[in-house]
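Dear colleague,

I am passing on a structure that I would like you to look at. My notes on it come after it.

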Amino acid sequence: MRHESQANVVNLDQGAVPRHVAIIMDGNGRWARRRHLPRIAGHRKGAQAVRATVQACGEIGIEYLTLFAFSSENWRRPADEVSALMTLFARAIEDELSRLHEHGVRFRVIGDRSRFEPRLQQLISDAEQLTAGNRRLVLTIAANYGGRWDVAQAVNRLLAERARSGIALDAPVDESDLQPFLSLADAPEPDLFIRTGGETRISNFLLWQLAYTELWFTETLWPDFGAADVSAAVASFRSRERRFGRTSEQLRVAGEVESPPLAAQAAGAR
Ligand code: IPE
Ligand code: IPE
Ligand code: MG
């Protein structure tokens, strides 16, 4: 982003910045409850925290940011909260799109969007089309997304593709056959996962893609999350040794950290 770097943003010469950060933005409801406000006030404040985080990630050179905004299980919430979340999502796209575009951000949505109202579906595809050529940061919003849904839809698409091209449907499927059909197939796997709000679970987020991601949890509630927290998470990431199954000694001999075993990532290692 073009804004001045803030003092608390990580110094770039301290080691590798994660290329891809994935975040479960949790704690909006508790943030509101602590202030005796309705839950939706927490979601509204949470939407503002997204802006600060996108900016901080852009400033430190993160290339892919994936945010969990609405899970396939969140339909179980009270109808008025679900409908307020949908309204907020649409409004956030309308309000933020030109700024994102101006800053070179590519906007994408993963998840089953067929359940969204046509107007929201249209807003999403227009935003994706407008920003498709941007390269500074890929911002992916996971909406009506579930990790299990993702694997299932990938299997379905793989089988459809096999049927189309005359490959036997019962031919064995290996990891690299399935990988291209998963959401985020064209992004490197997340290097760093962050969950705010104190819960230490995955809640059906990116199940396949998080296989070798470094996990970082914070008690901070999402509406209070900002550049300082991004810095803390990235600093923790930099202190870790990613072994991908190997030993520390092997890594020292190789002189560099190896890529994940499933190296068939389209965006590849740098
Ligand atoms: C995360 O905050 C936002 C969504 C899941 C949409 P929550 O609404 O889950 O907040 P808590 O967990 O109730 O505090
Ligand atoms: C996960 O948060 C989903 C999102 C942040 C969008 P939840 O608040 O829905 O997760 P659980 O229900 O506590 O596992
Ligand atoms: Mg929650």
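The notes below take the sheet and its helices and then the two ligands.

This is a predicted model, in which local features need pLDDT of at least 70 and side-chain atom pairs count only at pLDDT 80 or more, while totals for chains, interfaces and linings use all residues. Residues are numbered from 1 along each chain as its sequence is written, chains are lettered from A and ligands numbered from 1 in the order in which they are written, and side-chain values use heavy atoms, with hydrogens and water left out.

Six strands (E in DSSP, runs of at least two residues, numbered from the N terminus, as are helices, H or I, of at least four) form an open sheet of 6 strands in the order β3-β4-β2-β1-β5-β6, with parallel pairing; two strands pair if DSSP finds at least two bridges between them. Because β3 (105-110) and β6 (214-217) stand at the edges with a single partner strand each, one side of each is left without a neighbour in the sheet. Strand β5 (residues 192-195) pairs with β6 over 4 bridges, and Leu-192 stands opposite Glu-214 in β6.

Helix α2 (residues 39-59) lies across β1 (20-24), β2 and β4 (137-145), and runs at about 160 degrees to β2. Contact here means heavy atoms within 4.5 Å, and axes are lines fitted to C-alpha atoms, for helices over the stretch in contact, with angles from 0 to 180 degrees between N-to-C directions.

Around ligand 1, the shell (residues with a heavy atom within 4 Å) divides into 3 nonpolar, 5 polar (Gly among them) and 4 charged residues. Its polar contacts (pairs of N or O atoms within 3.5 Å) include a polar side-chain atom of Asp-26 at 2.9 Å from a ligand oxygen and one of Arg-77 at 2.7 Å from an oxygen of ligand 1. The protein covers 86% of the 380 Å² of accessible area (Shrake-Rupley method, 1.4 Å probe) that ligand 1 has on its own. Helix α1 (28-34) gives the most to this shell, with 3 residues.

Asp-26 and Arg-77 also belong to the surroundings of ligand 2, where a polar side-chain atom of Asp-26 lies 3.1 Å from a ligand oxygen and an N or O atom in the side chain of Arg-77 lies 3.2 Å from one. For Arg-201, the corresponding distance to an oxygen atom of ligand 2 is 2.8 Å. The protein covers 78% of the 390 Å² of accessible area that ligand 2 has on its own, and strand β2 (residues 64-71) gives the most to its shell, with 4 residues.

Best regards

Definitions and conventions: Polar contact = N/O pair within 3.5 Å; in protein donor to acceptor, adjacent residues only side chain to side chain.
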